[in-house]
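Morning, everyone. I have two topics today: one helix, then the cysteines. Let me put the structure up.

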Amino acid sequence: METTSLLSIPSPSLFSPLRIAPSAVSRLSLQRSSVTCAAILPTLNEPRQKHRKKGEYPGLIETSVPEFANFNKRRTPIKNIKKKVDRRNSARAWANTVTEALADAIDKKQWSSALEVFEMLKLQPFYLPKEGTYMKLLVLLGRCGQPGQACQLFDEMLQEGLEPNAQLYTALLAACCRSNLIDKAFAILEKMKSFPLCQPDVHTYSILIKACADASRFELVESLYEDMAERSISPNTVTHNTVLSGYGKAGKYEEMEKILSVMLASELSKPDVWTMNSIISLLGNKGQIEMMERWYEKFRDFGIEPETRTFNILIGAYGKKKMYEKMSSVMEYMRKLAFPWTTSTYNNVIEAFSDVGDAKHMEYSFDQMRAEGMQGDTKTFCCLIRGYANAGLFDKVKSSVKLSSRLDIPENTSFFNAVLYACAKAEDLMEMERVFKRMKDKLCHPDSSTYSIMVDAYNKQGMRDKVYDLKREQETGSPNLLMENEDVESETKPDSNQALLLVESEIENNEGPYI
């Protein structure tokens with residue numbers, strides 16, 4: 001019992017102060033300080049937590065996603081990064097070089113702006129004359145119906161010391177042929193023959209034959225064929241296609257059959273899809289639908305498969321004859337064969353409704369065209385303007401003209417003819433005269449359609465003096481008129497421009513610097 005009581009009651013000696021050596025005291029203090037620092041340091045290293053409101057959540061930090069840890073160490077966050085990106089993008093839009101401006105003007109077919117920018121380019125210290133730049137400008141001027149400007153540009157090229165070649169001369173000859181300057185084109189051909197390094201080739205002759213065939217000057221076509229034979233230049237499929245087009249326009253179907261027989265018997269100039277397109281386009285434009293369909297089946301028997309342009313030609317032909325069911329069936333057939341609907345496809349549909357003044361279906365087709373990402377071209381707006389004029393919706397004519405301006409649609413002779421047609425329909429002769437003046441200021445040469453529209457408008461109002469002045473101007477005017485209703489970008493007339501398009505495509509595909 002005593003033992004138990006002694007163990008349960010502590011001894012007084014246990015509460016007495018302990019005697020500890022100084023070395024032990026120092027070891028204890030070091031241990032305590034290390035424990036205290038170890039407990040405090042983690043809290044100092046941790047980022048201070050922000051007290052967030054209800055609904056707020058913290059973003060990613062480097063400790064939450066290991067992949068971002070190295071990135072955050074390398075780069076600190078940028079404040080107002082969206083504003084800086086927007087500011088940088090807006091600055092890039094203004095930092096446009098002269099060469100980029102020239103390329104942009106050529107792509108948009110703005111020949112006047114292209115020439116102005118080219119003059120600015122010549123003043124730059126780094127400028128060196130390049131034949132590629134002149135080639136693209138010559139093609140542009142030819143497409144825009146500016147043969148005079150093309151000849152002047154060619155002379156400037158010679159003054160800068162550039163040696164001309166066959167391709168440059170062919171581009172100049174094509175510019176004259178597009179504006180039906182056949183005599184000038186023959187003069188260029190003779191000049192090419194006088195230079196050993198500028199001898200004409202099959203492309204040169206094909207372009208000139210095309211111009212002569214379109215003008216129904218078939219005696220010149222025969223002389224060109226003889227010239228090619230003397231120079232051992234064999235005509236190719238393109239050459240025969242241009243002659244087929246000329247005979248078709250002249251209604252010489254027997255000659256067309258003969259040329260087609262020659263093509264079938266030849267190994268170098270077999271008929272192709274361009275041949276088919278040229279013939280069915282000619283027949284479709286003349287409204288000979290049954291003959292067009294027979295020729296279409298005949299070419300299919302030859303093993304020639306149609307393409308998108310072929311179907312566009314059929315749609316345009318059916319639309320002009322108001323055969324809407326056949327027009328719709330061709331479009332459905334295109335979808336079935338996975339052929340895309342192009343701008344030309346919609347243009348033909350819009351034109352079909354424009355001719356009869358069906359503004360509702362015309363607008364629906366245009367809206368569907370825009371929904372598919374196509375803004376339209378010059379022909380699109382020509383059809384819209386004429387369609388609204390036929391429907392008597394002259395306010396929408398103005399809105400269409402404004403829309404074309406916002407979309408930077410090129411204004412050519414066909415465009416101004418459509419606006420003049422709308423003014424004549426509205427019997428607004430003052431506006432018609434203003435449009436005619438603007439047409440001349442834009443250097444868009446009036447053609448026979450231009451004078452016909454204005455003469456009819458003045459005759460209805462009994463303005464004989466105006467009619468007399470217009471006819472006198474037409475007779476004494478410049479011969480550098482565009483061919484009537486020529487639309488070089490339209491897929492419905494591939495036959496008449498195959499030789500030109502082949503040469504120009506080779507030029508455009510020649511990627512090179514402008515300087």
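Keep in mind that this is a predicted model.

I'll start with the outward side of α12. Glu219, Glu226, Ala229 and Glu230 are exposed there.

Now the other side. Which residues of α12 are buried? They are Phe218, Leu220, Val221, Leu224, Tyr225, Asp227 and Met228. These buried residues span an arc of only 165 degrees around the axis, so they sit on the same side of α12. The general rule helps here. An α-helix has 3.6 residues a turn, so residues three or four places apart point the same way.

What do the buried residues of α12 pack against? Three helices: α10, residues 182-193; α11, residues 202-214; and α13, residues 237-249.

A quick check on helix length. α12 runs over residues 218-230, which makes 13 residues. At 1.5 Å a residue, α12 should span 18 Å. The C-alpha atoms at its ends are 19 Å apart, which agrees.

After α12 comes Ser232. Its phi is positive, near 60 degrees.

Second topic: cysteines. How many disulfides does the structure hold? Zero.

Take Cys382. Why is there no bond from Cys382 to Cys383? The closest cysteine sulfur to that of Cys382 is in Cys383, and it is 6.8 Å away, too far for a bond. The cut-off for a disulfide is 2.5 Å between the sulfur atoms.

Is Cys382 buried or exposed? Buried, because its relative accessible area is 8%, and the limit for buried is under 20%. Cys423 counts as buried as well, at 9% relative accessibility.

That's my part. Questions, please.

Note on methods: Residues are numbered from 1 along each chain as its sequence is written. This is a predicted model: local features need pLDDT of at least 70, side-chain atom pairs count only at pLDDT 80 or more; totals for chains, interfaces and linings use all residues. Side-chain values use heavy atoms; hydrogens and water are left out. Helices (H or I, at least four residues) and strands (E, at least two) are DSSP runs, numbered from the N terminus. The expected span of a helix is 1.5 Å times one less than its number of residues. Buried means under 20% relative accessible area, exposed over 50%, partly exposed in between (1.4 Å probe, protein chains only). The arc is that of the directions from the helix axis to the C-beta atoms. Contact means heavy atoms within 4.5 Å.
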